[in-house]
Amino acid sequence: MSEPPKPLRVALAGLGTVGAGVIRLVEANAALIARRAGRPIRITVVGARDRNKDRGVDLSPYTWEDDMVIMGERDDVDVVVELVGGSDGPALACARTTIEAGKALVTANKAMIAHHGLELAGKAEAAKVALKFEAAVAGGIPVIKGLREGAAANAIERVYGILNGTCNYILTVMEDTGRDFADVLAEAQAKGYAEADPAFDIEGTDAAHKLSILAAIAFGSNIDFAGVDTAGITRLRAADIAQADALGYVIRLIGMAETPVGETGQTLFQRVQPHLVPFDHPLAHVDGATNAVVAEGNFSGRLLFQGAGAGDGPTASAVVADLIDIARGEIAAPFSVPVGELEALPRASSANRMGRSYVRFMVTDRPGVLAEITAALRDAGVSIESLIQKGRSADGAVMVAMVTHEGPESAVHEAVRLLAGSASLTEPPLVIHILGE
Ligand code: NAP
Ligand code: HSE
């Protein structure tokens, strides 16, 4: 009789939203996971900050380990799942010691991968162990697997999408209810979508972490998180959303990466910003905490990945999928190609980028203000497609919103620069680019 297959022994570092979700999933689907993985996946060790906290799951079957940094060095652990968060600190120390101990690492930590992914992948390659992070990008959507495996035969020309569930939830509720931004943020936090520091969500940082990881996988380039041109959703007003609606658009925080060819060859363009998305674009129908990623392959055409981008169940689903791969013995290069072969693409200049933009001005209501704005636009070479002036808001300011014709984005930014410091403006203009085809 042959020996029964050895279980994959898993240590869980972090027992918050995702950690508790992983326990629930591994327990609920143990039999089908074992069949698919070829052997059981067994949680042996768990740890978090507070041993006495009620997490809604029974921890009595597992050994408690206070020090997550040494989890990977234990004899009863084959793989550590890091679900603590934070780009550095204990999460990074845990990741490094785990891989150095010759154990596999699974993480949902996009901040750590965006900042240290190349170092960790290099260590994992050297140690011949798996490093996996499906849950780090777009929660439950298997987009990393989709790009690394399903679309592996394609040159990816562009990857873009809705990468932050918290922002998408906030924008959707603002859209549906007309409520203002601050009012809705607390709800997203209560639902467990938001990061420990919600500024990472609403300032666009979380989406930029994810975009930089996706770009590396899609294009075989080094991760360049610092090169993501990032703006969040904090400046959006309910009036912008209403205005966009009247023009035939919704507003979504979009992360976008492309590799335009510059004067000296291929470059890397990465941006996370609110965009106006036309009603007939598939991303316009992505609501609530849902994420969606579009990847354009040169043979596959447009691929759309969509699903829950946050929350305990969907994120646990991605974590456990990584564990199943590891149980099957899969240790492919974390970024599709070995770290030494990833290209260091120079950052793209946005000077020649073309497009249409929505520009919103909050102005004092007095004669000549509109003339001043349109003169700046004329001097910068911006052509206006439509313009709307709305009545006074509570603070006495008037909203002037316009959509430009197709033209260089740099011209719109030049017009904004010409108006800087103008006494007619009650706050700096807000520029939102319109998502093209
Ligand atoms: P969370 O609910 O805040 O849980 C974090 C866990 O880490 C808690 O159990 C906490 O312990 C533990 N912890 C914090 N500092 C620690 C330390 N110094 N030593 C040991 N344990 C420590 O976070 P989460 O939402 O589960 O997110 C975990 C990771 O998944 C993050 O990287 C996040 O970005 C990522 N992620 C989350 C989601 C989501 O929907 N929430 C989706 C995708 C990816 P205590 O419980 O004892 O305080
Ligand atoms: N805070 C993140 C979001 C969690 O809102 O999308 C998933 O990464």
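This report describes three helix pairs and the surroundings of two ligands in a predicted model.

**Helix α1 against helix α11**

Helix α1 spans residues 17-28 and helix α11 spans residues 312-327; their axes come within 8 Å and cross at roughly 70°. Because angles of 65 to 115 degrees count as roughly perpendicular, α1 is described as roughly perpendicular to α11. The crossing of α1 past α11 is right-handed. On the α1 side, the contact is formed by T17, V18, G21, V22, R24, L25 and V26, and α11 contributes D312, T315, A316, S317, V319 and V320. By class, the residues of this contact between α1 and α11 comprise 7 nonpolar, 4 polar and 2 charged.

**Surroundings of ligand 1**

Two residues of that helix contact, T17 and V18 of α1, also appear at ligand 1. A polar backbone atom of T17 lies 3.0 Å from an oxygen atom of ligand 1, and a polar backbone atom of V18 lies 2.9 Å from an oxygen atom of this ligand. The side chain of K53 likewise places an N or O atom 3.0 Å from an oxygen atom of ligand 1. In total, 24 residues are found around ligand 1, and those that come nearest are L15, D50, R55, E195 and G311.

**Surroundings of ligand 2**

The residues surrounding ligand 2 are K110, N164, G165, T166, Y193, A194, E195, D201, D206, K210, G309 and A310. E195 is thus listed around ligand 2 and is also named among the residues nearest to ligand 1. For three of the residues around ligand 2, the table gives the atoms involved and the distance.

| Residue | Atom of the residue | Atom of ligand 2 | Distance |
|---|---|---|---|
| N164 | polar side-chain atom | oxygen | 3.5 Å |
| G165 | polar backbone atom | oxygen | 2.7 Å |
| D201 | N or O atom in the side chain | nitrogen | 2.7 Å |

**Helix α5 against helix α9**

Helix α5 (residues 143-150) packs against helix α9 (residues 205-219) at an angle of about 15°, and the two axes are 9 Å apart. Since angles under 35 degrees count as roughly parallel, α5 is roughly parallel to α9. Their crossing is left-handed. V143, I144, L147 and R148 of α5 meet I213, L214, I217 and A218 of α9. This contact of α5 with α9 has 7 nonpolar residues, no polar ones and 1 charged residue. Helix α9, at residues 205-219, also covers the positions of D206 and K210, which are listed around ligand 2.

**Helix α3 against helix α4**

Helix α3, residues 89-100, and helix α4, residues 110-127, pack at an angle of about 10° with axes 9 Å apart. The two helices are therefore roughly parallel to each other. The contact involves A91, L92, A95, R96, I99 and E100 of α3, together with M112, H116, E119, L120, K123, A124 and A127 of α4. Within this contact of α3 with α4, the residues divide into 8 nonpolar, 1 polar and 4 charged. Helix α4 begins at residue 110, and K110 is one of the residues surrounding ligand 2.

How values were computed
Residues are numbered from 1 along each chain as its sequence is written. Chains are lettered from A and ligands numbered from 1 in the order in which they are written. This is a predicted model: local features need pLDDT of at least 70, side-chain atom pairs count only at pLDDT 80 or more; totals for chains, interfaces and linings use all residues. Side-chain values use heavy atoms; hydrogens and water are left out. Axes are lines fitted to C-alpha atoms, for helices over the stretch in contact, and angles run from 0 to 180 degrees between N-to-C directions. Helices (H or I, at least four residues) and strands (E, at least two) are DSSP runs, numbered from the N terminus. Angles under 35 degrees count as roughly parallel, over 145 as roughly antiparallel, 65 to 115 as roughly perpendicular and the rest as oblique. A crossing is left-handed if the near helix is turned anticlockwise from the far one by less than a right angle, and right-handed if clockwise. Contact means heavy atoms within 4.5 Å. Ala, Val, Leu, Ile, Met, Phe, Trp, Tyr, Cys and Pro count as nonpolar, Asp, Glu, Lys and Arg as charged, and the others, Gly among them, as polar. A residue is near a molecule or strand if one of its heavy atoms lies within 4 Å of it. A polar contact is a pair of N or O atoms within 3.5 Å; within protein, one must be able to donate a hydrogen and the other to accept it, and residues adjacent in sequence count only if both atoms are side-chain atoms.
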